[in-house]
Amino acid sequence: MRRVVVLFVVAIGIFALAQSLQALIDGAKKEGQIVTYGSPGDWAGYGAIAEIMTKRYGLKHSDTDMSSAEEIAKVKAERNNPVADAFDIGYQFCTIAIREDILMAYKPSQWAEIPLWAKDPLGRCTATYYGTIVLVTNTKVVKNVPKSFKDLLKPEYKGLVAVADPRRAALGQYAVIAAAFANGGSDRNIDPGIKFFAQLAKSGNLKPVAPSKDLLAKGEIGITLDWDFRALNWRKDLPELAISVPTDGSTFGPYATVLNKFSRRPNAAKLWLETVLSDEGQIAFARSGARPIRNVKLPKDVEEGLLPQAQYKVAKPITNWLNMEAVAKDMGEKWALEVVGN
């Protein structure tokens, strides 16, 4: 009898969820469009998400690409005349966006499957995918491919290593934290990461340029640290790239799909997030090389396109998100003083 009651309750819950999603879809169709910031078709899996919204639900989609800081500033400035419905930000920017009170609280139907470290308890910020810092090497330039942060200090890599400046790019901040983890530090103690890059600069291996796919392709740099999903996409055009998670440590960089509190199309905004977190949406992110935040079953061809899961065992998550602003400020000051010397 008890089993029958449980099954009945579960059935009621599924029915209610289906009704709720259908109401969301119906509302979004009436709104007619979805406008996003920082979610272009060539970033992670957003191209596929936009296609679903257009072909399945009949919503027009438009996006303006910009950095996380720019998105927050723009949404804040437009609060009395809102344009965007949803936007994509690095998870470390959630604290700022929440403080500015520009995010709509919404717990999607997949809420229970999102790890605790990847969501705001009130539903204002939900990570939807993440990248991991990896070593990217042009094997036409570098024959002996480095496998770890420690390897990068070898004399044979003089003038070949480039990394994003953490004073200007979140990617650079994650690279320093990854180096900190690899050298006995953490996201709460970045000094080992700063000291590593100071040593790399002193050795002459660190080249003072902003790394890019073009510089790698031209051979002007041989090695860089970047997101796995970006590097895997680059390799579609540059098969000579070797990509691997540093064997001595790395870190994850989650990104959040957030909703504008002032959106004129709240149903479309919520449906966007529901689609991003659906199995189909999460597989779309994986197909682009990003790791889905949900533990979804990936098709064989998608799984084969990613780096082996075993490599990620050394990567550690950041746990002090509330303090990331202070960490970034401290990192920038120490980078200027100890790494570039100005």
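User: In which helix is Ser-20 found?
Analyst: The model discussed here is predicted. The helix that holds Ser-20 covers residues 2-31. Its name is α1.

User: Is Ser-20 buried, partly exposed or exposed?
Analyst: The relative accessible area of Ser-20 is 45%. Buried means under 20% and exposed means over 50%, with partly exposed in between. Because 45% falls in that middle range, Ser-20 is partly exposed.

User: What distance separates the C-alpha atoms of Ser-20 and Val-145?
Analyst: Along the chain, Ser-20 and Val-145 are 125 residues apart. In space, their C-alpha atoms are separated by 52 Å.

User: How many residues line the second largest pocket?
Analyst: The second largest pocket has a volume of about 300 Å³. Helices α1, α9 and α10 (279-287) each supply at least two residues of its lining. Leu-21, Ser-109, Gln-110, Glu-274 and Ser-278 lie nearest its centre, and the lining residues number 16.

User: How many residues of the lining of the second largest pocket are polar?
Analyst: The lining of the second largest pocket divides into three classes. Six of its residues are nonpolar and six are charged. The polar residues number four.

User: Which element gives the largest share of the lining of the largest pocket?
Analyst: About 1200 Å³ of space lies in the largest pocket. Of the 45 residues that line this pocket, Ala-164, Arg-168, Ala-169, Ala-170 and Leu-171 are the closest to its centre. The elements that give two or more residues to the lining are α3 (68-77), β3 (86-90), α5 (170-182), α8 (228-234) and α12 (324-339). The largest share is five residues, and the element that gives it is α12.

User: How many residues of the lining of the largest pocket are nonpolar?
Analyst: In the lining of the largest pocket, seven residues are polar and nine are charged. The nonpolar residues number 29.

User: What volume does the largest cavity have?
Analyst: The count of cavities of 30 Å³ or more comes to one. The volume of the largest cavity is about 40 Å³.

User: Which strand gives the largest share of the lining of the largest cavity?
Analyst: The lining of the largest cavity includes Met-104, Tyr-106, Cys-125, Thr-257, Val-258 and Leu-259. By class, the lining residues divide into six nonpolar, three polar and one charged. The largest share is three residues, and it comes from β8.

User: Which cysteine does the disulfide join to Cys-94?
Analyst: The count of disulfides comes to one. Its sulfur atoms are 1.7 Å apart, and it joins Cys-94 to Cys-125.

User: How many residues apart are Cys-94 and Cys-125, the pair that links distant parts of the chain?
Analyst: Cys-94 is in helix α4 (residues 94-99), whereas Cys-125 is in the loop between α4 and β4 (127-138). Both Cys-94 and Cys-125 are buried. Along the chain, the two are apart by 31 residues.

User: Why does Ser-263 count as buried?
Analyst: Ser-263 lies in the loop between β8 (250-259) and α9 (266-277). Buried means under 20% relative accessible area. Ser-263 therefore counts as buried, since its relative accessibility is 12%.

User: Which residue has its backbone nitrogen 2.9 Å from a polar atom of the side chain of Ser-263?
Analyst: Leaving out residues up to four places away in sequence, Ser-263 touches Ala-84, Asp-85, Met-104 and Ala-269. The backbone nitrogen that lies 2.9 Å from a polar atom of the Ser-263 side chain belongs to Arg-265.

User: Is Asn-138 buried or exposed?
Analyst: Asn-138 is found in strand β4. Leaving aside neighbours within four places in sequence, Asn-138 is in contact with Leu-216, Ala-217, Gly-219, Gly-222, Glu-240 and Leu-241. Its relative accessibility is 2%, so Asn-138 counts as buried.

User: What is the phi of Ala-44?
Analyst: Ala-44 lies in the loop between β1 (33-37) and α2 (46-55). At 9% relative accessibility, Ala-44 counts as buried. Although Ala-44 is not a glycine, its phi is positive, at about 50°.

User: What is the phi of Asp-101?
Analyst: Asp-101 has its place in the loop between α4 and β4. With 40% relative accessibility, Asp-101 counts as partly exposed. Asp-101 is not a glycine, yet its phi is positive, at about 60°.

How values were computed
Residues numbered from 1 in each chain as written. Predicted model: local features only at pLDDT ≥ 70, side-chain atom pairs only at ≥ 80, totals over all residues. Heavy atoms only, no water. Helix = DSSP H or I, 4+ residues; strand = E, 2+ residues; numbered from the N terminus. Buried < 20%, exposed > 50% of the residue type's maximum accessible area, 1.4 Å probe, protein only. Polar contact = N/O pair within 3.5 Å; in protein donor to acceptor, adjacent residues only side chain to side chain. Contact = heavy atoms within 4.5 Å. 1 Å grid on protein atoms, 1.4 Å probe; cavity = no way out; pocket = protein on both sides within 12 Å on 5 of 7 lines; lining within 4 Å. Points joined across faces, edges and corners; volume = space filled by probe spheres on them. Nonpolar A, V, L, I, M, F, W, Y, C, P; charged D, E, K, R; others polar. Disulfide = S-S within 2.5 Å.
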